[in-house]
Amino acid sequence: MRKLTDWLLVFFVAVAVALPVFADDDDNVIDEVVWVVGDEAIYKSEVEEQYRQMQYDGQRIDGDPYCVIPEQLAVQKLFLHQAKLDTITVPDATVFQQVEARINYLIANIGSKEKMEEYFKKPVTEIREELASLIRDQGTVQEVQRTLVKDLKITPAEVRKFYNQLPVDSIPYIPMQVEVQIITLNPKVPQQEIDNVKARLRDFSEQVNKGERDFSTLAVLYSEDRGSAMMGGELGFMSKSSLVPEFANVAFNLNDPKKVSKIVETEYGYHIIQLIEKRGDRINVRHILLRPHVSEKDISDALVRLDSLRTDLVDKKFTFDEVTQYVSQDKDTRNNKGLMVNPQTGNPRFEMGQLPQDVAKVVADMQVGDISKPFVMTDERKNKEVVAIVKLKNRIEGHKANMSDDYQTLKTIVEGRKRTEILNDWLAKKQSETYIRIKEGWRNCEFKYDGWIKQ
């Protein structure tokens, strides 16, 4: 199964992607070149298509769309040209992975592969090709930008200088933040429930091996990985490192597409796997995932265990820091004294909206040093219920930034400004070296960047 990072990608992408949503009503309109950047043309149809898409997505456009959009396309073409010069590419595996994630997301939201094809008025193969081109270009631009700023370093003196030069009314406001420690327990799953799950998977394997049912049909009907179930259990071409180890070890040892693997246990549940195709160091497989489900009694027992632990913590028989590594089953925090780390910033401070929703509800009414009563929360990574207690380690009230408390935030601001400065300088130089022609009627604009219209 895909790692969390692979799936998290699916949920940060908007449902609409850069594909045409509306068919042109007038087939007699002749397309025209409105910009030329180097040896690359920008067509009126490209601009209009992107404008329709941005309207559909509800994206705000700051200015005339017939100025803003072609300029955005022109900037992208300059970065892509640099990528060719520097032979910067995005690995096919990365592109394919993101394409499949977006396809699965679209199917899940629209309802089926057939409905998706009807919605976009094109077959899934063509949608994949257009998505692959879009994702490859976006990834390539990002790689060029990373290369241009890779040597950027910000010193404490630069951060201090930036802060000292800020007018009082321009000092950024830092919303209230919290630092939270957590201990989780997975409710004990009865062996009988595990046996039942395995028996169902063995029955599925037997049906497939005897030719009675198609693996893909069973996946659609029964797999609890709903993202891939919509695709008949298909994951798309993946590298070994993109799969959890237990799953990868079995999947990459499959050789016969007609046979089904043994049952594989991972942190997500129990799987059976069918090979579709091997291609170099990548593999495409189908899988069916079943998760053993815990009863109310199992959850209740786990709550009782944590409640007893909380009593000992409140009575100071031992500390939260001490007990976490021995008790907590949250592998991401147990070796860090239970301290949660904000994935958006890489540090332990969270704005309330950045915390998992179940944790935020509990923390909202706590005081620093408080230990919560046990509660049930959803582990979004594994899509299952766990039982937890949390300790509010620190609360930093909303305030204007200062050097002692908010150095990292201020450093990030300085880095962003310096990065923008480096990229803008590069862009100005690239503009001066590149042939650029803008058609009459498309030139009277307030562009974001100078240098498009050459005297």
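In this predicted model, helix H8 meets helix H9 through a small set of named side chains: Arg200, Phe204, Gln207 and Val208 on the H8 side, and Phe215, Leu218 and Tyr222 on the H9 side. Sorted by class, that contact holds five nonpolar residues, one polar and one charged. H8 covers residues 191-209 and H9 covers residues 215-222. Two packed helices are described by the angle between their axes and the distance between the axes. Here the axes come within 9 Å and cross at roughly 150°. Since angles over 145 degrees count as roughly antiparallel, H8 is roughly antiparallel to H9.

Stepping back to the whole chain, there are 15 helices and 13 strands. The C-alpha trace spans about 75 × 70 × 40 Å along its principal axes. The chain has 455 residues, and 42% of them count as buried. If one takes the contacts between residues at least 6 apart in sequence, 66% of them join residues at least 24 apart.

Now for the strands. E1 takes in residues 33-37 and E2 takes in residues 40-43, and the two pair in the antiparallel sense over four bridges. Together E1 and E2 make a hairpin, with two residues between them. Glycine 38 sits in that turn and has a positive phi of about 65°. Going along the pairing, valine 36 has alanine 41 in E2 as its bridge partner, while valine 37 stands opposite glutamate 40 in E2.

The hairpin belongs to an open sheet of three strands, in the order E2-E1-E13, with antiparallel pairing. E2 and E13 (436-438) stand at the edges with a single partner strand each, so one side of each has no neighbour in the sheet. On average, neighbouring strands of this sheet are turned by 20° against each other, direction ignored. Helix H3 also comes into the picture here: H3 lies across E1 and E2 and runs at about 155° to E2.

H3 leads on to the aromatic residues. The count of aromatic pairs comes to seven. A pair of aromatic rings is described by the distance of the centres and the angle of the planes. For tyrosine 51 and tyrosine 66, the ring centres are 5.7 Å apart and the planes stand at 75°, so this pair is edge-to-face. The pair links distant parts of the chain, 15 residues apart: tyrosine 51 belongs to helix H2 (residues 44-57) and tyrosine 66 to helix H3 (residues 65-85). Both partners are partly exposed, tyrosine 51 with a relative accessible area of 21% and tyrosine 66 with one of 30%.

Another edge-to-face pair is formed by tyrosine 119 and phenylalanine 120, with 4.9 Å from centre to centre and 90° between the planes. As for burial, phenylalanine 120 has a relative accessible area of 3% and so counts as buried, whereas tyrosine 119, at 30%, is partly exposed. Aromatic residues also gather in a cluster, made up of Trp35, Phe447 and Trp452.

Conventions. Residues numbered from 1 in each chain as written. Predicted model: local features only at pLDDT ≥ 70, side-chain atom pairs only at ≥ 80, totals over all residues. Heavy atoms only, no water. Pairing = 2+ DSSP bridges. Axes fitted to C-alpha atoms, helices over the stretch in contact; angles between N-to-C directions. Parallel < 35°, antiparallel > 145°, perpendicular 65-115°, else oblique. Contact = heavy atoms within 4.5 Å. Nonpolar A, V, L, I, M, F, W, Y, C, P; charged D, E, K, R; others polar. Phe/Tyr/Trp six-rings, centres within 6.5 Å; stacked < 30°, edge-to-face > 60°. Buried < 20%, exposed > 50% of the residue type's maximum accessible area, 1.4 Å probe, protein only.
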